[in-house]
Amino acid sequence: MIGLALSGGSVRGAYEVGVYFALKKCHIKIDGYVGTSIGSFNAAMLSARRERQLLKFWRHVNVGKILSLDDDFVKSLKAKNFKGTVKGIKQIITAKGVSTLGLKEVLDELHMENDIRLSKKDFGLVTVRVNPLKVLYLFKEDIPKYKMNDYILGSCYHPVFKQEKIIDGKHYIDGGFYDAMPVNMLLDKGYDLVYAVDLKALGIKQKIKDKKRVVIISPSHSLGSQFTMDAEVIRNNIKMGYYDTLKLVKNLDGKKYIFKKEKDEYFNKMVRSISDYRLKEVKLFFKKKTNKEAIIAAIEYFMLKEKYEYNKIYSVKKVIKRLRKEKKKPYGIYRFLRDLKV
């Protein structure tokens, strides 16, 4: 069996949707989902077979509405209006935290519980009960009937939220306080392989019991703030999750960008007209040992300078041909790339 463990990270959770669709693109069938915090929400939607709805949710998410934030406060955040932002923060402090009504409304509108229970896919989450203190690792069969949304809310209960008794008169806090990436839930359940998404958010990561059965997927670039209001950043994070996962699963070339896989011999032929001295200079500059490593590093150097988009799979040959058309800087790294045989 193959599982997917999703970590917390608030709005950064959009990245995890991209990961799922990339795994699907690679024909990797997932048998079970577990999550912490926003990861538990994503895991619930995926186990309920609501992947298209989940993608639509993240593409059009209204972070301000979910956090029950005043429209003026949201506008001040987007406009980087200092006075408006301070005023909004004061209101949250006076109210002793952000209201959970927005998140509750989202969960109620989705009506997931029945689909989760009927699904053949495993679903699990982590939350922490405050008094008496207890860490809860729960699969769907452990969650009382009609309490699914409550426990998902409990797993997502970030410190910014107003403290309320949400389940049976008890306080709960975000599962990330104890286990930000609940890989061991699936390992203990006998899964043969677990893909785990690490959103690099605050939280405690428990030691993985069997690293040989785990593949960790993490962002190659910054995902931005955990509570970003920027819709474009959120949509780009979905794409980043998709391309980062394709790169990992298909073992594609590149470090800062992604390239179609080519053999070492392909790159060895490219340096036929480059003198040994120049080649050695380039390798020393990028601290690389092989021709392939040096050429890719040089190409990425050019792409960063020219601000190429990350979320694409590039052809080494096409990038070099594009550089030649631009006719810029006939020296240094640019000259080295132009002189390659493609």
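How many of the 15 residues of H14 are buried? The tour below returns to that helix after an overview of the chain.

**Before selecting anything**

This is a predicted model, in which local features need pLDDT of at least 70 and side-chain atom pairs count only at pLDDT 80 or more, while totals for chains, interfaces and linings use all residues. Residues are numbered from 1 along each chain as its sequence is written, and side-chain values use heavy atoms, with hydrogens and water left out.

**The whole chain**

Display the full chain, which has 16 helices and 10 strands. Helices (H or I, at least four residues) and strands (E, at least two) are DSSP runs, numbered from the N terminus. Of the 342 residues, 51% count as buried; buried means under 20% relative accessible area, exposed over 50%, and partly exposed in between, with a 1.4 Å probe and protein chains only. A contact requires heavy atoms within 4.5 Å. Among contacts in the chain with a separation of 6 or more, 68% join residues 24 or more positions apart.

**Stop 1: the loop between S1 and H1**

Select Ser10, in the loop between S1 and H1. Ser10 has a positive phi of about 55° although it is not a glycine. Most residues other than glycine have a negative phi, and most peptide bonds are trans. Ser10 is buried, at a relative accessible area of 12%.

Next select Val11, in the loop between strand S1 (2-6) and H1. With a relative accessible area of 8%, Val11 is buried. Leaving aside neighbours within four places in sequence, Val11 is in contact with Trp58, Val63, Gln226, Phe227, Thr228 and Ile234. For Val11 and Thr228, the C-alpha atoms are 6.8 Å apart in space, although the two residues are 217 residues apart in sequence.

**Stop 2: helix H1**

Select residues 14-25, the 12 residues of helix H1. At 1.5 Å a residue, H1 should span 16 Å, and its end C-alpha atoms are 17 Å apart, which agrees; the expected span is 1.5 Å times one less than the number of residues. In H1, 10 of the 12 residues are buried, so the helix is largely enclosed by the rest of the structure. Among the buried residues are Tyr15, Glu16, Tyr20 and Phe21. After H1 comes His27, whose phi is positive, near 60°.

**Stop 3: around strand S4**

Select Pro132, in the loop between strand S3 (122-129) and S4. The peptide bond from Asn131 to Pro132 is cis, with omega near 0°.

Then select Phe139 in strand S4 (residues 134-139). Phe139 counts as buried at 10% relative accessibility. Not counting residues up to four places away in sequence, Phe139 touches Val34, Phe123, Gly124, Met185, Leu186 and Lys189. Phe139 and Leu125 are 14 residues apart in sequence and 6.5 Å apart in space, C-alpha to C-alpha.

**Stop 4: the loop between S5 and S6**

Select Asp168, in the loop between strand S5 (165-167) and strand S6 (170-174). Asp168 is exposed, with a relative accessible area of 57%. Its phi is near 50°, a positive value in a residue other than glycine.

**Stop 5: helix H14 and its neighbours**

Select H14, residues 291-305. Here is the reply to the opening question: 11 of its 15 residues are buried, so H14 is largely enclosed by the rest of the structure. These buried residues pack against strand S9 (258-259), helix H12 (264-270), H13, strand S10 (313-314), H15 and helix H16 (332-338).

Add helix H13 (residues 276-286), whose axis comes within 9 Å of that of H14 and crosses it at roughly 70°. That makes H13 roughly perpendicular to H14; angles of 65 to 115 degrees count as roughly perpendicular, under 35 as roughly parallel, over 145 as roughly antiparallel and the rest as oblique. At this contact, Leu279, Val282, Lys283, Phe285 and Phe286 in H13 meet Asn291, Ala294, Ala297, Ala298 and Tyr301 in H14.

Finally, add helix H15 (residues 316-326): the axes of H14 and H15 come within 11 Å and cross at roughly 55°. That makes H14 oblique to H15. The contact is made by Ile299, Phe302 and Met303 of H14 and Val316, Val319, Ile320, Leu323 and Glu326 of H15.

The tour ends just after H14, at Lys307, which takes a positive phi of about 60°.

Key. Axes fitted to C-alpha atoms, helices over the stretch in contact; angles between N-to-C directions.
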